[in-house]
Amino acid sequence: MNMIEAITSCFSKYATFTGRASRSEYWWFVLFICVTSFVTAVLQPLLYFGFLLASFLPSLAVQCRRLRDAGLSPWFVLLGLIPLIGVALLFMCIVPSKIEDNRYVNSL
């Protein structure tokens with residue numbers, strides 16, 4: 001999956017927390033969010049705030065789908081709320097995809 005496909009996929013599944021997201025889909029979207037956030041913060045703080053609001057839900061949804069694809073519970077997203085321990089969430093998103101179905105594929 002390339003960057004354009006990943007961005008299109010993530011925004012078309014705006015609030016879809018079920019299903020799976022590949023590593024490439026997740027990381028291309030994260031790269032897009034980081035670069036766009038930096039550019040909008042430099043250009044216009046109000047635009048930056050608007051972009052963060054518009055991209056919050058798709059970012060959360062793709063992260064839940066990525067965790068599910070790695071065979072982990074999507075509830076691990078809550079680790080991001082804990083300072084320093086939230087770094088573990090980064091490593092969970094690096095884990096390779098599970099080819100077979102897992103118990104988290106259709107759960108929230």
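A salt bridge, for today, is a side-chain nitrogen of Lys or Arg within 4 Å of a carboxyl oxygen of Asp or Glu. Keep that in mind, and also that this is a predicted model.

By that rule the count is 3 salt bridges. I will start in helix α3, which covers residues 45-69. There the side chains of D69 and R66 form a salt bridge, at 2.8 Å from N to O. The two residues are 3 apart in α3, about one turn of the helix. R66 has 0% relative accessibility, so it counts as buried. D69 is buried as well, with a relative accessible area of 7%.

D69 has a second partner, R20, with the closest N and O atoms 3.1 Å apart. This pair links distant parts of the chain, since R20 sits in the loop between α1 and α2, 49 residues from D69 in helix α3. R20 counts as partly exposed, at 24% relative accessibility. Taken together, R20, R66 and D69 are linked in a network of salt bridges.

The remaining pair is E25 with R65, where the closest N and O atoms are 3.5 Å apart. E25 belongs to helix α2 and R65 to helix α3, so this bridge ties together parts that are 40 residues apart in sequence. Which side chains surround R65? Leaving aside neighbours within four places in sequence, R65 is in contact with C10, K13, T16, F17, T18, G19, R20, A21 and E25. R65 is buried, with a relative accessible area of 1%, and its partner E25 is buried at 4%.

Next, the helix packing. Helix α1, residues 3-12, packs against α2 at an angle of about 90°, and the axes are 8 Å apart. That makes α1 roughly perpendicular to α2. On the α1 side the residues that meet α2 are M3, A6, I7, S9, C10 and F11. On the α2 side they are S24, E25, W28, F29, L31 and F32. E25 therefore appears in this contact list as well as in the bridge to R65.

Last, the surface. Which residues form the nonpolar patch? They are W28, L31, V35, F38, V39, V42 and L43, with about 680 Å² of accessible area together. One of them, F38, lies in helix α2, residues 23-43. F38 counts as exposed because its relative accessibility is 59%, and the cut-off for exposed is over 50%. W28 and L31 belong to the patch and are also among the α2 residues that meet α1.

Notes:
Residues numbered from 1 in each chain as written. Predicted model: local features only at pLDDT ≥ 70, side-chain atom pairs only at ≥ 80, totals over all residues. Heavy atoms only, no water. Patch = residues over 30% accessible without salt bridge, like charges linked within 9 Å, V, L, I, M, F, W, Y side chains within 5 Å. Areas by Shrake-Rupley, 256 points an atom, 1.4 Å probe, with all protein chains shown as cover. Helix = DSSP H or I, 4+ residues; strand = E, 2+ residues; numbered from the N terminus. Buried < 20%, exposed > 50% of the residue type's maximum accessible area, 1.4 Å probe, protein only. Axes fitted to C-alpha atoms, helices over the stretch in contact; angles between N-to-C directions. Parallel < 35°, antiparallel > 145°, perpendicular 65-115°, else oblique. Contact = heavy atoms within 4.5 Å.
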